[in-house]
Amino acid sequence: MLKTISIIIIKELKLIVRNRGVWIVFLLPTIIFPIINIGTSYFCNTNSIIQQKYNISIIGENKFYNDFFENQNIIITKCKDPLKSLTNNDIDLIINLDKSVITYNSKNILSLIKANTLGERLQQYSIQNLNIQKNILCRIENEKGFIETVDISLNKFLMPIVFIVFVSNSCSNYADDMFAGEKEKGTLEILFSSKLSKSTIFLGKVFSLIIIELLSTIISLISFNISAMGKQSLDINDMLYLFLSAISLGCISSFVSLSISLFSRNVRESQIINSFVLSIPVTLSVFKILYNSKAGNWIYTIPIINSIELITNSLSNNGNMVAGIITFLTNIALCIVISFVSIRYMKKEVVLQT
Amino acid sequence: MIKYSNIYKSFKKNSVLENINITIPSSEITALVGKNGSGKTTLMRLTASLLSPDKGKIDYKGSIGILLGGSINLYGNLSVEENIDFFARLHKLSKYEFENNLSEINKFIQIDDFMNKKFNQISRGMQQKTALVISIIHNPDILLLDEPSTGLDLMATKDVFNFVKMLKDKEKTILISTHNISEIADLSDNIAILKNKTISKIEKREIFFENCEKQEQLNKICNYLEK
């Protein structure tokens, strides 16, 4: 059976590689990530914003930060109701020193950018003055809480969505061709007439998709890290968590899109259903980023959502090993269930109907 | 030998085949004749297990090779050789068996000239030849040919005829679904007429065309189908 699966994999890979579209899947991350990186760097970190005055209100007291606020271009405004002042755009930010959070006005993009910039400067100040080494930056950030509320940096805001779009959609076109396309051409009948088992055909096709998914994910990771040019690049652990979450999400999308292609009557039908279904992870990731809720480790047991959570966290250098393993195993378990159900209902008569 | 016992098949309450009880003789060529839409291809697909009968069963011994009718499509981005090699591997043919079978086939069906061309770059006739080679590359005991000469020029049709005759000499059981009078009158040993959703009997060609001049053979079949 393994030998037959490998024959199907080789055939499918030959067909995919000879399709010019596959090079777009591979090349797109290498083009898109640098463009996004340069673009967001320009809009979020320009000198003009750093040099601007920061009109802030401070809640609580922490002497450690006194020098910071005195030496910067920061105007501290005393307000009776800081939240109301922030809503009215009378001030840019509220810094709560007791809770170590920065509050910004989400309707004011300048407030958001200033919160991000000031947050980063506060972290740098904390690290420099406490003489803490850079490799424990994440822990300090979390303790101080600045990064949790204000980070709109490249990694946390835009990249997870782009990453999830790449991962969940890179293989759907090939999946459409694999069953629905072969059904249209009539080659699936010839394949079935060669007395192959249903599971051999399904697994051969799905593994070839996973290989493409794997290559696409690796290229995306490398492109991301190179395009970050050291500024926001990931360490080896976060790369690993990101890889585990991305590849397991990619596996789910491969299994789902292949199953849809299997039961679709033609390529068009498969494309329509796949584009709808594969937009679900992207939509969920947008919600996750807009409503940045904190959840416990239990969230990593929910397939798809766990990948979104881990991709978001890994890109912010907040991934963890337990989450990575749970996410990977849960998603692979879902893939096994999908393949079992698909093979179970993959009756020749149903599959060959057009 | 292929034995059809009480075969019924319908698609969405539209009955296509009813009560088929026939036996296709071993080591002979049987022509399956019928009007368009009479269910010839459905019967072929049932035989190759691409469809399941609603009722009844089909018994046969040995392996089956099938050439499906309609537009021939294989993997367009693979070469002819890669297409043939892929299906040969699926049939678990060793490299020696593959090369041996291919050279045997090549004596009758000339495919050497376009073996390295991509499938979507060759002519309709070449595609038909490739599909025929794929259906027989694993040296099956039973061969189902659905309109094998469609799209072939005269020379290629002659090649296919000679090749089918050679397969018969090798004691293969061959069922040809066809509208071509030459395939019926010159190639086949038996004639099975599919009419009113069933095959009432299989007759020897000599008996079917008894006292029938060559130019009257087509009329005889048409009259039989019209009755």
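The following paragraphs lead through the side-chain contacts, the surface and the backbone of this structure, which is a predicted model.

The aromatic residues offer a starting point. Over all chains, the count comes to ten aromatic pairs. In one of them, Phe163(A) and Phe224(A) meet edge-to-face, with 6.4 Å from centre to centre and 80° between the planes. Phe163(A) belongs to helix H10 (residues 159-169) of chain A and Phe224(A) to helix H13 (residues 198-228) of chain A, so the pair ties together parts that are 61 residues apart in sequence. Phe163(A) has a relative accessible area of 0% and is therefore buried. Phe224(A) is likewise buried, at a relative accessible area of 0%. These two residues also belong to one aromatic cluster, which is formed by Phe33(A), Phe163(A), Phe166(A) and Phe224(A).

Chain B supplies a further aromatic pair. The ring centres of Tyr75(B) and Phe87(B) are 6.2 Å apart and their planes stand at 10°; the pair is therefore stacked, since planes under 30 degrees apart count as such. Tyr75(B) is found in the loop between strand S5 (64-67) and helix H2 (80-90) of chain B, whereas Phe87(B) is in helix H2 of chain B, so the contact ties together parts that are twelve residues apart in sequence. Both Tyr75(B) and Phe87(B) are buried.

Aromatic rings also meet charged groups in chain A. The charged end of Lys205(A) sits over the ring of Phe179(A), at 5.3 Å from its centre. Arg344(A) lies over the face of Tyr345(A), with 5.5 Å to the ring centre.

The salt bridges come next. A search of the whole structure finds 15 salt bridges over all chains. One of these involves Arg45(B) and Glu189(A), whose side chains meet at 2.8 Å, N to O. Arg45(B) lies in helix H1 (residues 40-47) of chain B and Glu189(A) in helix H12 (residues 187-193) of chain A, so this pair joins two chains. Arg45(B) counts as partly exposed because its relative accessibility is 23%, while Glu189(A), at 11% relative accessibility, counts as buried.

Within chain B, Lys9(B) forms a salt bridge with Asp54(B), and the closest N and O atoms are 3.8 Å apart. This pair links distant parts of the chain: Lys9(B) is in strand S1 (residues 2-11) of chain B, and Asp54(B) is in the loop between H1 and strand S4 (55-60) of chain B, 45 residues apart. Lys9(B) counts as buried, at 1% relative accessibility, whereas Asp54(B) counts as partly exposed, at 45% relative accessibility.

Another salt bridge is made by the side chains of Glu28(B) and Lys204(B), at 2.9 Å from N to O. Here too the pair links distant parts of the chain, with Glu28(B) in the loop between strand S2 (14-24) and strand S3 (29-33) of chain B and Lys204(B) in strand S9 (residues 198-204) of chain B, 176 residues apart. The relative accessibility of Lys204(B) is 35%, so this residue counts as partly exposed. In addition, salt bridges that share partners join Lys11(A), Glu12(A), Glu182(A) and Lys205(A) into one network. Lys205(A) is also the residue whose charged end sits over the ring of Phe179(A).

On the surface of the model, Phe276(A), Ile280(A), Leu284(A), Trp298(A), Ile302(A) and Ile305(A) make a nonpolar patch of about 570 Å². Helix H15 (residues 267-290) of chain A contributes the largest share of this patch, three residues. Ile302(A) is located in the loop between H15 and helix H16 (305-315) of chain A. Because its relative accessibility is 32%, Ile302(A) counts as partly exposed.

The backbone deserves a final look. Most residues other than glycine have a negative phi. In Asn19(B), by contrast, phi is near 45°, a positive value in a residue other than glycine. Asn19(B) lies in strand S2 of chain B and is partly exposed, with a relative accessible area of 37%. Lys92(B) likewise has a positive phi, near 60°. Its place is in the loop between H2 and helix H3 (95-106) of chain B. With a relative accessible area of 61%, Lys92(B) is exposed.

Key. Residues numbered from 1 in each chain as written. Chains lettered and ligands numbered in written order. Predicted model: local features only at pLDDT ≥ 70, side-chain atom pairs only at ≥ 80, totals over all residues. Heavy atoms only, no water. Patch = residues over 30% accessible without salt bridge, like charges linked within 9 Å, V, L, I, M, F, W, Y side chains within 5 Å. Areas by Shrake-Rupley, 256 points an atom, 1.4 Å probe, with all protein chains shown as cover. Salt bridge = Lys/Arg side-chain N within 4 Å of Asp/Glu carboxyl O. Helix = DSSP H or I, 4+ residues; strand = E, 2+ residues; numbered from the N terminus. Buried < 20%, exposed > 50% of the residue type's maximum accessible area, 1.4 Å probe, protein only. Phe/Tyr/Trp six-rings, centres within 6.5 Å; stacked < 30°, edge-to-face > 60°. Lys NZ or Arg CZ within 6 Å of the ring centre and 35° of its normal.
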